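Below is a short briefing on one protein chain, arranged by topic. Please keep the sequence and the model open while reading.

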Amino acid sequence: MKKVKVLIVDDHAVLRMGLASLLGAQPDIAVVGDAAGGEAAIAKAVKLSPDAIVMDLAMPGMDGIETTRELLKKRPGSKVLVLTTFGTSDGIARALEAGATGAIMKSAPFDEIVTAIRETAEGVRHVSAEIERILADDPPVPQLSQRQEQILESLVRGLTNGDISRQLGISVDMVKEHMIALFAKIGAANRTEAVAIALRKRLVKQ
């Protein structure tokens, strides 16, 4: 029997070991390696050629989104299954946009995770029902421009329009124009709502 080769990527050692142990008990699955971060994951994926990569979404440094994007540049055709505890839609949607084959919650039953891994290895898109509900109930924010991201990060830091103007080297009027466009895009009525949405949806790195 040809086994599905799996690479596990998660910054929590206990989760990596536990998942490796459970998956290793499956007759058709072989865990060929694990990684605690994005750069190590990319290097091991290139070296080990796994059929499926189980990818944590929230990792320090390179998160699962960036790792997925960079991995697919280095090893096109890689099959990534996002395994996440996030209850927000934006990170999941961005991971799928970056090229992940599927996504499932860490709280899903183990047999569903195994099924998702098998389907991912075959290139079948597996997005769990819970993930689908999250995406439907809390639609992801459209992709922000680089300037809008800078403005939003500045708002989260509590900077005034004048502070932002000096920091970005643009006029206060231009700051206001970017802010209006930003608020419309993320569905915020004011600065306070914009910051709340940014934090809830994890739109900025803290």
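On one side of helix α9, Asp-173, Glu-177, Ile-180 and Ala-184 are exposed, where exposed means over 50% relative accessible area, buried under 20% and partly exposed in between, with a 1.4 Å probe and protein chains only. The other side of α9 carries the buried residues Val-175, Met-179, Leu-182, Phe-183 and Ile-186. These buried residues cover an arc of only 100 degrees around the axis, which puts them on the same side of α9; the arc is that of the directions from the helix axis to the C-beta atoms.

This is a predicted model, in which local features need pLDDT of at least 70, side-chain atom pairs count only at pLDDT 80 or more, and totals for chains, interfaces and linings use all residues. Residues are numbered from 1 along each chain as its sequence is written, and side-chain values use heavy atoms, with hydrogens and water left out.

**Confidence**

- The mean pLDDT of the chain is 91, and 99% of its residues reach 70 or more; pLDDT is the predictor's confidence in each residue, from 0 to 100.
- Within the chain, confidence is highest in β1, at 97, and lowest in helix α4 (residues 89-98), at a mean of 85.
- Helices (H or I, at least four residues) and strands (E, at least two) are DSSP runs, numbered from the N terminus.
- Where pLDDT is low, the predicted coordinates should not be read in detail.

**Helices α8 and α9**

- Helix α9 (residues 172-186) has 15 residues and reaches 21 Å from its first C-alpha to its last.
- That span is close to the 21 Å expected at 1.5 Å a residue, the expected span being 1.5 Å times one less than the number of residues.
- The buried residues of α9 pack against α7 (146-156), α8 (161-168) and α10 (191-200).
- Just after α9, Gly-187 takes a positive phi of about 75 degrees.
- In α8, the buried residues are Asn-161, Ile-164, Ser-165 and Leu-168.
- Seen down the axis of α8, these fall within an arc of 105 degrees, so they line one face of the helix.
- The cover over the buried residues of α8 includes α7, α9 and α10.
- Gly-169 follows α8 and has a positive phi, near 70 degrees.

**Nonpolar cores**

- The largest nonpolar core has 28 residues, and those with the most contacts inside it are Val-9 and Ile-53.
- A nonpolar core here is a set of buried Ala, Val, Leu, Ile, Met, Phe, Trp, Tyr and Cys residues joined through side-chain atoms within 4.5 Å.
- At least two residues of this largest core come from each of β1, α2, β3, α3, β4 (80-84), α4, β5 and α6 (129-137).
- Its largest share, five residues, comes from α4.
- Leaving aside neighbours within four places in sequence, Val-9 is in contact with Ala-35, Gly-37, Ala-41, Ile-53, Val-54, Met-55, Asp-56 and Met-59; contact means heavy atoms within 4.5 Å.
- A second, separate core of 21 residues includes Leu-144, Ile-151, Ile-197 and Ala-198.
- In soluble globular proteins, nonpolar side chains tend to be buried together.

**A buried threonine**

- Thr-68 lies in helix α3 and is buried, at 0% relative accessibility.
- Neighbours within four places in sequence aside, Thr-68 is in contact with Met-55, Val-80, Ala-95, Ala-98, Gly-99 and Ala-100.

**Salt bridges**

- The count comes to seven salt bridges, each being a side-chain nitrogen of Lys or Arg within 4 Å of a carboxyl oxygen of Asp or Glu.
- One of them joins Asp-51 and Lys-2 (3.9 Å, N to O).
- Asp-51 lies in the loop between α2 (38-48) and β3 (52-56) and Lys-2 in the segment before β1 (4-9), so the pair ties together parts that are 49 residues apart in sequence.
- Lys-2 is exposed, at 70% relative accessibility.
- Another salt bridge joins Asp-56 and Lys-106 (3.2 Å, N to O).
- Asp-56 lies in strand β3 and Lys-106 in the loop between β5 (102-105) and α5 (110-121), so this pair ties together parts that are 50 residues apart in sequence.
- Asp-56 is buried, with a relative accessible area of 4%, whereas Lys-106 is partly exposed, at 21%.
- Asp-10, Asp-56 and Lys-106 are linked in a network of salt bridges.
- Glu-70 and Lys-73 also form a salt bridge (3.2 Å, N to O).
- Both Glu-70 and Lys-73 lie in helix α3 (residues 64-74), three residues apart, about one turn of the helix.
- Glu-70 is partly exposed, with a relative accessible area of 26%, and Lys-73 is exposed, at 56%.
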